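Colleague: I am new to this structure and should like to know how its descriptions are justified. May I put some questions to you?

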Amino acid sequence: MSGNSNTDAFYKKLKAQLADTAMWPSAYLYKFIVPTDAQKIAQIEKIFDNLGAVIATKQSKNGKYTSVSINVRMKNPDHVIEKYKEVAAQVEGVISL
């Protein structure tokens with residue numbers, strides 16, 4: 001994502017899709033890719049701490065990257081987007097899928 005307007009448009013579209021496709025509160029699956037670094041993975045896990053999230057990690061074949069999958073019950077589309085923004089702001093080099 002480059003530029004703030006692209007990011008805003010992405011989140012606006014995501015919010016509309018989430019509102020149309022699920023009854024809230026609902027389970028939501030986040031997927032992130034980060035350079036393999038225990039501190040970065042721990043940062044992501046901390047953001048979802050105390051939410052009852054089920055977190056799974058898997059390293060890439062060469063070990064350079066780690067995917068972090070988080071299955072968690074969210075209140076509404078705004079709450080989902082809030083967590084995406086929190087991860088993007090706190091974890092350097094993260095890719096949100």
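The exchange below concerns a predicted model.

Colleague: What makes S2 and S4 the edges of the sheet?

Modeller: The four strands are ordered S2-S3-S1-S4 in an open, antiparallel sheet. Strand S2 (54–59) and strand S4 (95–96) each have a single partner strand, so one side of each is left without a neighbour in the sheet.

Colleague: How do you know that S1 and S4 are paired?

Modeller: Pairing requires at least two bridges, and two bridges join strand S1 (residues 26–35) to S4; therefore the two strands count as paired. Ile33 has Ile95 in S4 as its bridge partner. Helix H3 (residues 77–90) packs on the sheet and touches S1, S3 and S4.

Colleague: Why is the aromatic pair of Tyr30 and Phe32 called stacked?

Modeller: Planes under 30 degrees apart count as stacked, for ring centres within 6.5 Å. The centres of Tyr30 and Phe32 are 5.9 Å apart, with 15° between the planes, so the pair meets both limits. Ring pairs also link Tyr30 and Phe32 with Tyr28, Phe48 and Tyr84 in a cluster.

Colleague: Why is Tyr30 called buried, and what of Phe32?

Modeller: Buried means under 20% relative accessible area. Tyr30 is at 0% and Phe32 has 0%, so both residues are buried.

Colleague: What makes the charged end of Lys83 sit over the ring of Phe48?

Modeller: The distance must be within 6 Å of the ring centre, and the direction within 35 degrees of the ring normal. The charged end of Lys83 is 5.9 Å from the centre of the Phe48 ring and is found to sit over that ring.

Terms used
Residues are numbered from 1 along each chain as its sequence is written. This is a predicted model: local features need pLDDT of at least 70, side-chain atom pairs count only at pLDDT 80 or more; totals for chains, interfaces and linings use all residues. Side-chain values use heavy atoms; hydrogens and water are left out. Contact means heavy atoms within 4.5 Å. Axes are lines fitted to C-alpha atoms, for helices over the stretch in contact, and angles run from 0 to 180 degrees between N-to-C directions. Rings of Phe, Tyr and Trp (its six-membered ring) pair if their centres lie within 6.5 Å; planes under 30 degrees apart count as stacked, over 60 as edge-to-face and the rest as tilted. Buried means under 20% relative accessible area, exposed over 50%, partly exposed in between (1.4 Å probe, protein chains only).
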